[in-house]
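Here are a few short exercises to work through with the structure open. Try each one yourself before reading the solution.

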Amino acid sequence: MIRKFIQKVFKRKKTAVDSDNSNTLLHIIPVKQHGIHRKQISSCALKITQELQKSGFSAYIVGGAVRDLLLGREPKDFDVATNATPEQARSKFRRARIIGKRFRLVHVMCGPETVEVSTFRGPFPTNEKEQNSKNITDQHGRLLQDNIFGSQEEDALRRDFTMNALFYDPSSEEIHDYLNGYEDIDSKTLRIIGDPVKRYREDPVRMLRAVRLAAKLGMQIDPPTANAIGDLAPLLKNVPTARLFDEMLKLLLSGHSLACVVDLRARGLHHGLLPMLDVILEQPLGERFITLALKNTDDRLQQEKHVSPAFLFASLLWHEVLAGWKNYKINGDKPAIALFKAIDDVLATQQKNLAIPRRFSATIQEIWILQPRFESLVGRKPFRLLNHPRFRAAFDFMLLRSESGEISEDIALWWKNFIAANPDQREKMINKPSNHKKRRNRNRNRNKSVKRKSDSLEKSAT
Ligand code: ATP
Ligand code: MG
C-alpha cells in the first residue's frame with residue numbers, strides 16, 4: 001500500500017551510490033503520507049536545523065527520533081545530521097562543543113536539552129592497506145574511527161539499520177528515505193544496511209543494538225540480519241569495556257530487559273557480558289531470581305518509576321556471589337569473610353568484562369553486604385539496618401530473594417510489618433535481647449561445662 005503510494009506520487013531518484021549490495025533509491029515522503037509535523041520536534045532541534053539551513057547548510061532530524069515518531073512513540077532525544085563540518089556547526093551556536101574522538105560530533109545545548117549534531121559520514125577506504133596505514137580498523141575489521149565526511153546518501157549507508165536512516169526536514173516536513181526504511185518500519189522489520197557480516201565486524205555493538213531495538217520496538221529481525229549474529233558474537237570481546245557497559249545499561253533500561261536478556265542468551269551474545277548467565281539461568285532459583293528482577297525493572301519503567309542501574313547489576317550477579325560465598329564457607333572461611341571474598345571476585349571479573357563504574361560498584365557491594373543482616377532479628381540490629389542509607393534498595397533486593405524462594409517468606413513478611421509498625425509495635429516485634437542473651441549465656445555455660453568435662457576426662461585418661 002505504502003509502496004504503491006510512494007511509487008505513484010513521489011519522486012524516485014536512482015542514486016549513484018551502490019555499496020555492499022545496498023541500492024539507494026531516494027524516496028521523498030511528504031507530511032500528508034507520514035504525518036510527522038514540525039511541532040513534534042523539540043524546540044532545540046528545530047532551532048538548530050533552522051539556524052544551519054539559514055547559513056546555507058542542509059540539516060535534518062535523523063535516526064531514532066524519526067523512527068520513534070513514525071512508530072507513534074515519544075523520542076528519547078533528537079539528533080541532527082548536517083553537511084556542515086563539526087567546526088562550522090559549532091561556530092553557529094553559543095553553547096556548543098565538539099566531542100568524541102572515534103566519532104567527532106557537536107553537542108549543542110539549549111536549556112536542559114542537548115542535541116547531537118553530526119556531520120554526514122562518508123565511506124571509509126575499502127582497501128586494507130589504506131585502512132591499516134590510517135589506523136581506521138583493527139585486525140578484526142572493527143572501525144577505530146569514523147571521521148570521514150560524505151554526502152547525505154553516503155551518510156544513510158553508514159548508519160546501522162534501515163529504520164534508523166531516515167532524514168526529516170523540519171522546514172519542508174518531508175522525509176528522505178534512501179534505503180526503504182519507511183517500509184521496513186511499516187512492516188516492523190529490523191534490517192541491517194549492507195552486508196551483515198561486514199557491518200557487525202566494523203562495529204560488533206550493532207549486534208546488541210539489533211537485539212535491544214527489536215525487543216523495545218516489537219520488531220522482527222530480518223533473517224540475514226539475525227543469522228550473522230551467532231557466529232560473530234565473540235567479536236564483542238574486542239569492544240572497549242566502557243562502551244559495552246553503556247550499551248548493556250541501555251539494554252537493561254529499555255523497559256524490555258527480560259525479552260532482551262532472553263534473546264541475548266538465545267543468540268549466544270551474553271558470554272562476554274554476563275558470563276555466568278547460562279549457568280545461573282539453568283539453576284531454577286537463579287532463573288527465577290533474574291526473571292523476577294528484570295520483570296520488576298520493566299514494570300517500574302513502564303510506570304515511569306525510577307530504576308537503579310546498581311540494583312539491576314546487583315541482581316544479575318547475585319547468584320554468582322552466592323556460589324562463591326558458599327565455596328569460601330565450605331573452605332573454612334567465616335560467613336562474613338566468605339561473603340566479602342566472593343563479592344571481590346565477582347566485581348573484579350565484571351570490572352574486566354563490563355567496566356562497571358565505581359559509583360555503581362559501591363552501591364552494588366552495599367546491597368549485597370546488607371543481605372545477611374535481614375536475617376538477624378534481635379536487639380537493635382533491625383533498627384540499625386532500617387536507618388541505613390541503603391536500606392530501601394537492600395530491602396527490595398531481599399524481597400526478590402524471598403519471592404524467588406532463596407530465603408523464607410516469613411523474613412520478608414516480618415520486615416514488611418516492621419516497616420509499617422509504629423515505634424512501640426517495633427519494640428514489641430523484636431526478640432528481647434535479654435532473652436536472647438540469656439539463651440546465649442545458657443549455651444555458653446553449657447558449652448563451658450561440656451568442655452570442662454571433656455578436659456577432666458582427658459586429664460584422667462593421661
Ligand atoms: P535510542 O536512542 O532509542 O537508543 P537510536 O537509534 O536513536 O536509539 P542512538 O545511539 O541515539 O540510537 O543513535 C542515533 C543514530 O545514530 C541511530 O539511529 C543510527 O542512525 C546511528 N547509529 C547509532 N549507533 C550506530 C552504530 N553503532 N553504527 C551505525 N550507526 C549508528
Ligand atoms: Mg537516539
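**Exercise 1. Work out how helix 10 and helix 12 are arranged, and what their contact is made of.**

Start with the axes in this predicted model: helix 10 (residues 205-217) and helix 12 (residues 241-252) come within 10 Å and cross at roughly 5°. Angles under 35 degrees count as roughly parallel, so helix 10 is roughly parallel to helix 12. Next, pick out the partners: Val-205, Leu-208 and Arg-212 of helix 10 meet Arg-243, Glu-247, Lys-250 and Leu-251 of helix 12. Sorted by class, that contact has three nonpolar, no polar and four charged residues.

**Exercise 2. Do the working again for helix 16 and helix 18.**

The axes of helix 16 (residues 309-330) and helix 18 (residues 358-370) get within 9 Å, crossing at roughly 55°. That angle makes helix 16 oblique to helix 18, and the crossing is right-handed. On the helix 16 side, the residues in contact include Phe-311, Phe-313 and Val-321; on the helix 18 side, Phe-360 and Trp-368 are among them. The tally for this contact is ten nonpolar, one polar and no charged residues.

**Exercise 3. List what surrounds ligand 1 and sort it by class.**

Go round the shell and you'll meet, among others, Gly-63, Lys-76, Asp-79, Arg-159, Asp-160 and Asp-203. Val-205 and Lys-250 are also in the shell, and both turn up in the contact of helix 10 with helix 12. The shell divides into two nonpolar, three polar and seven charged residues.

**Exercise 4. Find where pLDDT is under 50.**

The chain averages a pLDDT of 86, but residues 1-19 stay under 50. Residues 449-462 are also below 50, with zero contacts beyond near neighbours in sequence.

Technical notes:
Residues numbered from 1 in each chain as written. Chains lettered and ligands numbered in written order. Predicted model: local features only at pLDDT ≥ 70, side-chain atom pairs only at ≥ 80, totals over all residues. Near = placed C-beta within 6 Å. Nonpolar A, V, L, I, M, F, W, Y, C, P; charged D, E, K, R; others polar. Axes fitted to C-alpha atoms, helices over the stretch in contact; angles between N-to-C directions. Helix = DSSP H or I, 4+ residues; strand = E, 2+ residues; numbered from the N terminus. Parallel < 35°, antiparallel > 145°, perpendicular 65-115°, else oblique. Contact = placed C-beta atoms within 7 Å. pLDDT = per-residue confidence, 0-100. Left-handed = near helix turned anticlockwise from the far one by under 90°.
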